[in-house]
Amino acid sequence: MKKNKKKKIIIILVTVLILIIISLLLIFKDKLFSKETINNTNINENTIVEEPEVNIVDLNSNSRPYAVMINNLNEARLVQSGLNDAYLVYEIIVEGGITRYLALFKDVDVPRIGSIRSSRHYYLDYVLENDAIYVHWGWSPQAKEDIKTLKINNINGLTYEGKYFYRENPISPSKIASEHTGFTNTELLSNAVNKLGYRTETNKGLLLTYSPTSIDLSSFDSVQDAKNIKIVYSNYITNTYEYDIDNKVYNRYVNKSVQIDKNNDEPITVKNIIVYSINNYTIAGDKKGRQFLDNIGSGEGYYITEGKIIKINWEKESREKQTKYTYEDGTELIVNDGNTFIQIIPKTGNISWE
């Protein structure tokens, strides 16, 4: 009898305890499950936390880029158009100490690109490493032969002037030499690709890996401040960069003059700069002094972004293989989300910064 009585008491106590807990939950439910509490625990159903995205290129796109030869003579620089829309630009020496750009455009609409000049054979190595469709206006004998041998998908202004290329003077009525007035645009290039039956989907990934969040270089052993940069190619070409701390980009100057994109008359700005030097020499017997570039191999260089510079390494195994850029410890270089200028300078050139 005593056991039954004790059992009933336990049941009553447990029941009372349960009722007390339920009552407390009802009293404090608004506090426990308020929107503020949910927000603090990151489970608000109205809040969606999205990962940051890369903006300079669409990482999910498999479209092939256009690689366009851009004129960089002093006179031509007055009408340079489209460089601010390129996600990647190579600058390389050619004959006479001048340079030309190879500007890459991907998934963008650009109303005018140019002025466009002729090909040199070593630029094909960078067309190949990006699986790009090559756009040029003429060619050197070496480039003409290599384009044929390597079966480069190309669009040549000599062949298609008036169809996929046009003449224009963007600074009219000021006079400019006819050789600096050759342009195209992405709509015309798309028409050309469709007509010529070129492959439109790429078989290679992007050359560079981009970080959607700002990269802090301050932890690297070789890091130095680089607010002002000077890159000398020759007596004819000296580039300087000045860091804009508010916008976290570099303003670009050539021979001490600010470089302007004539499409909108805005200064050309750059997020990432990669610099390294290689040997070049005049091709034997070439009366115009055209160059050979000793660009297959490896070496040291620099990566510059957001006011800092660090040492890096580069390696290119063959003409078609992508150049590998790595930190000093051998891991893959990651660059900031933004456009990149790759400055391949002669061994006789130099870079300085402060």
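**Reading charges and strands in a predicted model**

In this predicted model, Asp221 is found in the loop between β9 (209-211) and β10 (224-225).

Q: Why is Asp221 called exposed?
A: Asp221 has a relative accessible area of 81%, and exposed means over 50%, so Asp221 is counted as exposed. Asp221 also gathers with Glu300, Glu328 and Asp329 in a patch of negative charge on the surface.

Q: What makes the contact of Glu168 with Arg112 a salt bridge?
A: The closest N and O atoms of Glu168 and Arg112 are 3.2 Å apart, and a salt bridge needs a side-chain nitrogen of Lys or Arg within 4 Å of a carboxyl oxygen of Asp or Glu, so the pair qualifies. Glu168 lies in the loop between β7 and β8 and Arg112 in the loop between β3 (99-105) and β4, so the pair ties together parts that are 56 residues apart in sequence.

Q: Why is Arg112 called buried or exposed?
A: Arg112 has 13% relative accessibility, and buried means under 20%, so Arg112 counts as buried, whereas Glu168, with a relative accessible area of 27%, is partly exposed.

Q: How do you know that β7 and β8 pair?
A: Two strands pair if there are at least two bridges between them, and β7 and strand β8 (residues 182-184) have two bridges in the antiparallel sense, so the requirement is met. Arg167 stands opposite Gly182 in β8.

Q: What makes β4 (113-114) and β7 (166-167) edge strands?
A: In the open sheet of three strands, the order is β4-β8-β7, and the edge strands β4 and β7 each pair on one side only.

Notes: Residues are numbered from 1 along each chain as its sequence is written. This is a predicted model: local features need pLDDT of at least 70, side-chain atom pairs count only at pLDDT 80 or more; totals for chains, interfaces and linings use all residues. Side-chain values use heavy atoms; hydrogens and water are left out. Patches are made of residues with over 30% relative accessible area and no salt bridge: like charges are joined within 9 Å, nonpolar side chains (Val, Leu, Ile, Met, Phe, Trp, Tyr) within 5 Å. Accessible areas come from the Shrake-Rupley method with a 1.4 Å probe; for residues, only the protein chains shown count as cover. Lys and Arg count as positive and Asp and Glu as negative; His and the chain ends are not counted. The place of a charge is taken as NZ of Lys, CZ of Arg, CG of Asp or CD of Glu. Helices (H or I, at least four residues) and strands (E, at least two) are DSSP runs, numbered from the N terminus. Buried means under 20% relative accessible area, exposed over 50%, partly exposed in between (1.4 Å probe, protein chains only).
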